[in-house]
Amino acid sequence: MVETLSASKARRIALAAQGFGRPRPIQPGKRHLLSTIEALGVVQIDSVNVVSRSHYLPFFSRLGAYDRGLLEDLAWGRKPALAEYWAHEASLTPLATHPLLRWRMQDARDGAGVWKNVAGFLRSHADFIDQALDAVDQRGPLAASELDLGAKGEGGWWGWSEGKRAMECLFWTGRLTTATRRGAFERVYDLPERVLPKAIHEAPTPERGEACRALLRIAAKAMGVATERDLRDYFRLSLNDAREGVAALAAEGELIPVTVGGWDQPAYLTPEARRPRAIKAAALLSPFDNLIWFRERTERLFDVRVRLEIYTPAHKRTHGYYVLPFLQNEAITARVDLKADRKAGALLVLAAHAEPQANDETARALAQELALMAQWLGLRRVEVRPVGDLSPALGSVVGSQAEDGSTRL
């Protein structure tokens with residue numbers, strides 16, 4: 001008999017797997033950050049800094065106000081515990097995951113699938129690529145802006161210069177890796193053997209199928225319960241790689257087939273998945289948070305349609321430019337369009353919209369989380385603009401809390 005889970009039970013399993021429902025630590029430290037990324041498996045990097053760059057936010061959502069310097073040290077310090085590569089998108093992963101992605105580096109070298117242009121550039125600019133690699137070898141860690149080679153960017157490839165293209169192609173193929181980040185989040189490249197620990201750099205390369213099964217295990221653990229499409233998206237695997245891997249893991253009992261009420265696709269449960277009776281949580285979610293980055297799954301879990309509107313013309317946006325959904329216990333109950341006005345010392349709520357599952361506690365719970373975020377970002381206050389159906393109630397709570405000092409920063 002295949003077990004049937006209710007939609008609410010599946011949602012609680014998914015939330016628990018993603019690290020929600022547990023009390024936040026009083027003083028989050030490195031071990032909390034490491035345990036969080038071990039649970040998530042991967043954290044997406046994004047350079048947009050309207051509020052905070054996205055990779056900082058999943059840790060805040062789960063741990064509360066932590067020292068962002070701790071994450072930077074884990075990712076780009078002298079002894080990194082994380083590696084940067086194309087995992088979901090550009091991402092941070094635990095070091096042990098890096099060898100599991102070498103098949104993708106080989107795909108980039110071969111020009112397989114989406115990597116066709118990368119291989120083409122490597123072939124057409126072979127001498128230039130060698131010069132770029134030699135420059136890093138001889139001079140040490142370099143940003144693309146420090147590479148005095150090639151033409152400046154003129155459209156295409158995001159307007160990159162030839163030097164930037166060369167460095168990124170070498171990064172995608174694994175011949176360079178990220179040593180650190182500078183200034184406005186500029187990537188600094190170096191040879192993998194000078195950045196990665198020896199045990200990681202010299203680890204045997206898993207066979208592709210073995211590596212994909214390992215990535216699917218990580219994805220399944222991070223999601224708790226998931227469809228094949230969910231599992232495939234987590235590390236952006238091909239249809240064949242995911243299908244073969246899921247079938248193998250199910251045959252071995254590492255994935256348990258289940259049905260979920262309201263889901264139109266079969267699902268899989270990890271044997272160790274926690275099954276809480278309730279989830280108590282309050283969290284502002286980055287639009288690139290693991291919980292909601294696959295929009296199809298988000299709709300199945302929360303009955304909420306989440307879309308990124310950064311690239312939508314302003315007059316056509318529904319909720320705003322950089323919108324963070326608000327998780328209240330087991331539901332997404334609101335969305336806020338946020339901006340950190342660092343000069344004025346304010347976290348601006350440019351718009352606040354309620355979702356159908358909002359209740360009488362939504363405005364107060366959201367106000368508390370916004371106050372915590374402002375404090376974490378080093379801002380003095382929260383300011384609510386009168387846009388959106390939730391803004392009057394939210395503004396009233398924020399104003400009353402400021403008056404009585406309960407959210408004084």
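# Questions on a predicted model

User: In which helix is the place of lysine 164?

Analyst: Helices and strands are DSSP runs numbered from the N terminus (helix: H or I, at least four residues; strand: E, at least two). One such run covers residues 162-172. Lysine 164 has its place there, in helix H8.

User: What kind of model is this, and what pLDDT do local features need?

Analyst: Residues count from 1 along each chain as its sequence is written, and side-chain values use heavy atoms, without hydrogens or water. The model is predicted: side-chain atom pairs count only at pLDDT 80 or more, totals for chains, interfaces and linings use all residues, and local features need pLDDT of at least 70.

User: Is lysine 164 buried or exposed?

Analyst: Buried means under 20% relative accessible area, exposed over 50%, partly exposed in between (1.4 Å probe, protein chains only). Lysine 164 has a relative accessible area of 19%, so the label is buried.

User: Which residues does lysine 164 touch, not counting residues up to four places away in sequence?

Analyst: A contact needs heavy atoms within 4.5 Å. Leave out residues up to four places away in sequence. Lysine 164 then touches Ala144 and Tyr189.

User: How many aromatic pairs does a search of the whole structure find?

Analyst: Rings of Phe, Tyr and Trp (its six-membered ring) pair if their centres lie within 6.5 Å; planes under 30 degrees apart are stacked, over 60 edge-to-face, the rest tilted. Searching the whole structure gives a count of nine.

User: How are phenylalanine 60 and tryptophan 376 arranged, and how many residues apart are they?

Analyst: Their centres are 4.6 Å apart with 15° between the planes, a stacked pair. Phenylalanine 60 is in helix H3 (residues 57-63), and tryptophan 376 is in helix H15. The pair links distant parts of the chain, with a separation of 316 residues.

User: What are the relative accessibilities of phenylalanine 60 and tryptophan 376?

Analyst: Both labels are buried. Phenylalanine 60 has a value of 0%. Tryptophan 376 has a value of 6%.

User: Why is the pair of tryptophan 76 and phenylalanine 185 edge-to-face or stacked?

Analyst: The ring centres of tryptophan 76 and phenylalanine 185 are 5.8 Å apart. Their planes stand at 80°, so the pair is edge-to-face.

User: Where do tryptophan 76 and phenylalanine 185 lie, and how many residues apart are they?

Analyst: Tryptophan 76 is in helix H4 (residues 68-76) and is buried at 10% relative accessibility. Phenylalanine 185 is in the loop between strand S6 (177-182) and strand S7 (186-190), and is buried at 9%. Along the chain, they are 109 residues apart.

User: Which residues form one aromatic cluster?

Analyst: Tryptophan 376, from the stacked pair, is in the cluster. Its partner phenylalanine 60 is there too. The full set is Phe59, Phe60, Tyr66 and Trp376.

User: Which residues is threonine 177 in contact with, leaving aside its neighbours within four places in sequence?

Analyst: Threonine 177 has its place in strand S6. This residue is buried, at 4% relative accessible area. Its contacts are Glu84, Phe171, Val188, Tyr189, Asp190, Leu191, Pro192 and Val195.

User: How many bridges join strand S3 to strand S4?

Analyst: Two strands pair if DSSP finds at least two bridges between them. S3 (residues 82-86) and S4 form a hairpin with three residues between them. Tryptophan 86 has alanine 90 as its bridge partner in S4. The pairing is antiparallel, and the number of bridges is five.

User: How many residues of strand S4 are buried, and which residue of S4 does valine 43 stand opposite?

Analyst: S4 (residues 90-94) is mostly covered, with five of its five residues buried. S4 also pairs with S2 (residues 43-44), in the antiparallel sense over two bridges. There, valine 43 stands opposite leucine 92.

User: In which sense do strands S14 and S15 pair?

Analyst: S14 spans residues 346-354 and S15 spans residues 381-384. Arginine 381 in S15 is the bridge partner of alanine 346. Over four bridges, the sense is parallel.

User: What separates the C-alpha atoms of alanine 352 and proline 386?

Analyst: Alanine 352 lies in S14 and is buried, at 0% relative accessible area. Proline 386 is 34 residues away along the chain. The C-alpha separation is 8.3 Å.

User: Which residues is serine 391 in contact with, leaving aside its neighbours within four places in sequence?

Analyst: Serine 391 lies in helix H16 (residues 391-404). Its relative accessible area is 7%, so serine 391 is buried. The contacts are Ala352, Val384, Arg385 and Pro386.
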